[in-house]
There are 2 protein chains.
Amino acid sequence: MQLRMTNQREIILRELKKSRQHLSADELYDKVKKYMPRISLATVYRNLEILSEAGLIGKLEISGRQKRFDYDVTDHDHIYCVVCHRVDNLNIERQGLHTKEIKSAKGYSITGYRLEIVGICPVCQKKAKKEKKK
Amino acid sequence: MQLRMTNQREIILRELKKSRQHLSADELYDKVKKYMPRISLATVYRNLEILSEAGLIGKLEISGRQKRFDYDVTDHDHIYCVVCHRVDNLNIERQGLHTKEIKSAKGYSITGYRLEIVGICPVCQKKAKKEKKK
DNA sequence: TTACAATTAGTAATTATTATCAAAACTGGA
DNA sequence: TCCAGTTTTGATAATAATTACTAATTGTAA
Ligand SMILES: [Mn+2]
Ligand SMILES: [Mn+2]
Ligand SMILES: [Zn+2]
Ligand SMILES: [Zn+2]
């Protein structure tokens, strides 16, 4: 059985791609509601899961917080702000991560990996400076 | 103000170290109850947070699931099983992760990073094989 | 059309965690 | 040792994010 592209799926997908951000289900729900006011939050959750399963979008499960969905399915890593939880894309060298060591780690069969750089975004750095002045 | 080592904190810490696993709050709660039957789950949550804040234990926030706490505070990475959610330690080469590229990524000030290898553990691989036979 | 399957909206239930708060335990002087 | 103030605890309520349920709606394909 293959994916059936319903109206709600189409709009969810379109709005995520359009945003070029890493949105959570409820953020996307707010955007989608503008075009489809009667859509249910459960439908957004359900379809985000289905769309990511189908490989049309990415799913980020970051640091115990809300899941975020990615408009970009190509291979890349992320950096996120511990203050405001904003997520940005990151393209860094990945050598040293494909060694035999990993391939045979502890008898696991490896399916992938997640690299998350953690830090404070420029906006939050500025805010922190202003706070200090007070 | 520095950390006051209460009975409950001592036992929580002791049981985590003893386990040599990456336990969740409720798993640890079960262990601690054996020695302190009247302890509350909230106390376990509260103190795990405090102990990790104090640097006595590590905190893993993995893949949108439950938090897990680490008996080992030295630098290392993790591998986890997508099937049973078991977490194991991993010591891999980290070169390629300390480049200037990262240090200046998107204007962020970097505080750290998390690398998670994802896969299927030996136990779950075996189980999957047995399932197939049926 | 008509039956069968898939999807939806709305809502309830669940899971993990955090907040609240009165009671208990601990602290450092008098 | 006692006391007043501070911290911590246990019990429970509240919250946040997600998932489950279900009847109604929609799509499909003969
Ligand atoms: Mn991305
Ligand atoms: Mn570890
Ligand atoms: Zn920020
Ligand atoms: Zn496993």
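Visitor: What makes the pair formed by T43(B) and a phosphate oxygen of DNA strand D a polar contact?

Guide: In this predicted model, a polar side-chain atom of T43(B) lies 2.6 Å from a phosphate oxygen of DNA strand D. The cut-off for a pair of N or O atoms is 3.5 Å, so the pair counts as a polar contact.

Visitor: Which elements give two or more residues to the surface near DNA strand D?

Guide: They are α3 (41-53) of chain A, and α1 (7-19) and α3 (41-53) of chain B. The largest share, four residues, comes from α3(B).

Visitor: Why is the approach of S40(B) to DNA strand D called a polar contact?

Guide: A backbone N or O atom of S40(B) lies 3.4 Å from a phosphate oxygen of the strand. That is within 3.5 Å, so the pair qualifies. For R9(B), a polar side-chain atom lies 3.2 Å from a phosphate oxygen of DNA strand D, so this pair also qualifies.

Visitor: How many residues surround DNA strand D, and what classes do they belong to?

Guide: There are 16, and the closest include Y45(A), K67(A) and R38(B). By class, four are nonpolar, six polar and six charged. Of the strand's atoms within 4 Å of the protein, 75% belong to sugar or phosphate and the rest to bases.

Visitor: What makes R14(A) a charge over the ring of Y35(A)?

Guide: R14(A) lies over the face of Y35(A), at 4.5 Å from the ring centre. The distance limit is 6 Å, so 4.5 Å satisfies it. In chain B, R14(B) lies over the face of Y35(B), at 4.5 Å from the ring centre.

Terms used:
Residues numbered from 1 in each chain as written. Chains lettered and ligands numbered in written order. Predicted model: local features only at pLDDT ≥ 70, side-chain atom pairs only at ≥ 80, totals over all residues. Heavy atoms only, no water. Near = heavy atom within 4 Å. Polar contact = N/O pair within 3.5 Å; in protein donor to acceptor, adjacent residues only side chain to side chain. Nonpolar A, V, L, I, M, F, W, Y, C, P; charged D, E, K, R; others polar. Lys NZ or Arg CZ within 6 Å of the ring centre and 35° of its normal.
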